[in-house]
Amino acid sequence: MKRVYACLMLLLMLSSMMGCSSTTNPANENYLLDEKFDTEAYLPGYDMQPAFQSADGQFCSEGSVYYTVLNSWIFYYDRESDTSGILCGKPECAHKDASCTAYAGNMMGCIQVYDGKLYWLSGSTPYRMDLDGTNREVFQKVEAMNGLSPQFYIHRGYLYTCLVGFQVTSAEAQGTMEIKRYPLGEEAEPVIVFHKEYPYNNIWYKCRFSGNSMYFMIDDAQDLDVESMMQHRELYEYHLQTGELEQLWSLEENWTVYGMEVTEEGVYVLNLRTDYNVTDRSHIYLSYFDFR
Ligand SMILES: [Zn+2]
């Protein structure tokens, strides 16, 4: 399928568009874990929830119940019964310490419902429990999540981890962006979906899932001076069925990714100009990528 790029605001960017790079799938492997995943349609229970992807792992729902993490604890709110509280199914529990099933630890997040269970990450340890706050367990190991902006995502039978790391080579520090894929609930070596070193060590990213595609936008700021901040920015698509990685777009610009949504039409990115004046509303831009 021919891929088309469009930007609502700055058509001049077209002239700066760089060629796409890709990794191919010569053995014609199929990485789908089940026949029911062979669709681009949304699969409730098995897909990242479109309505909550913008929450970046802080908020999700199942049926009438919403779940969130706050100050090391998992909370729920049921809009049907209008009840809320700490999500603990242990009778007689005082909800005061780590023995409480709702205690998620200090470095927690990535809360997500998948196939009838609630998942979250505490440090480098992935947990899950039943939606009534019982049967909390560590369900598999992942490699250490030592770095910045750790996230995990469960989508169509795989667990993906994203992490910004850094390494010192000679006198220079370099940032790395790494994405790994594990079969959910199995002890296995991860597949490295993406690994790249960036020169400025000021990396942030957004990652979204839709059907059998994973889109991720990576910014690397050349410096952190808001007056002059230029980003090296890249948008990738990882094809979940074939394992192929495709760079869709790359550019230097003084925007920061503020939000990112994947719809049936394409990928929308809300951008913030980094040389903004707070009284000037024109520092917000919307980009649109018609890749679908
Ligand atoms: Zn408790």
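Me: Before I look at tryptophan 120, what puts two residues in contact?
Reply: Two residues are in contact if their C-beta atoms, placed from the backbone, lie within 7 Å. Leaving aside its neighbours within four places in sequence, tryptophan 120 is in contact with Val69, Ile74, Ala104, Met108, Gly109, Cys110, Ile111 and Tyr127.

Me: What sort of model is this, and how are residues numbered?
Reply: This is a predicted model, in which local features need pLDDT of at least 70 and side-chain atom pairs count only at pLDDT 80 or more, while totals for chains, interfaces and linings use all residues. Residues are numbered from 1 along each chain as its sequence is written.

Me: What does the chain average for pLDDT?
Reply: The average is 85, and 86% of the residues score at least 70, where pLDDT is the predictor's confidence in each residue, from 0 to 100. Over residues 1–20 the pLDDT is below 50, and this stretch has 24 contacts in the model beyond near neighbours in sequence.

Me: Back to Trp120, which residues touch the most others in the largest nonpolar core?
Reply: Of its 58 residues, they are Tyr67, Ile74, Ile111, Trp120, Tyr160, Tyr205 and Phe216. Such a core is a set of buried Ala, Val, Leu, Ile, Met, Phe, Trp, Tyr and Cys residues joined through C-beta atoms within 7 Å, and buried means that 20 or more other C-beta atoms lie within 10 Å of the residue's own. The largest share of this core, six residues, comes from strand E11 (residues 158–169), strands being DSSP runs of E with at least two residues, numbered from the N terminus.

Me: Sheets next: what is the order of the one with four strands?
Reply: The open sheet runs E2-E3-E4-E5 with antiparallel pairing, and two strands pair if DSSP finds at least two bridges between them. At its edges are strand E2 (59–62) and strand E5 (83–86), each pairing on one side only.

Me: How many bridges join E3 and E4?
Reply: Six bridges link strand E3 (residues 65–70) with strand E4 (residues 73–78), and leucine 70 stands opposite tryptophan 73 in E4.

Me: And what lies between E4 and E5?
Reply: These two strands form a hairpin with four residues between them, and aspartate 82 in the turn has a positive phi of about 55 degrees. Their antiparallel pairing has four bridges, and tyrosine 77 has serine 84 in E5 as its bridge partner.

Me: In the sheet E18-E19-E20, why is one side of E18 and of E20 left without a neighbour?
Reply: Strand E18 (255–262) and strand E20 (284–289) stand at the edges with a single partner strand each, so one side of each has no neighbour in the sheet. Six bridges join strand E19 (residues 267–273) to E20, where isoleucine 284 is the bridge partner of leucine 272.

How values were computed. Buried ≥ 20, exposed ≤ 12 C-beta atoms within 10 Å, placed from the backbone.
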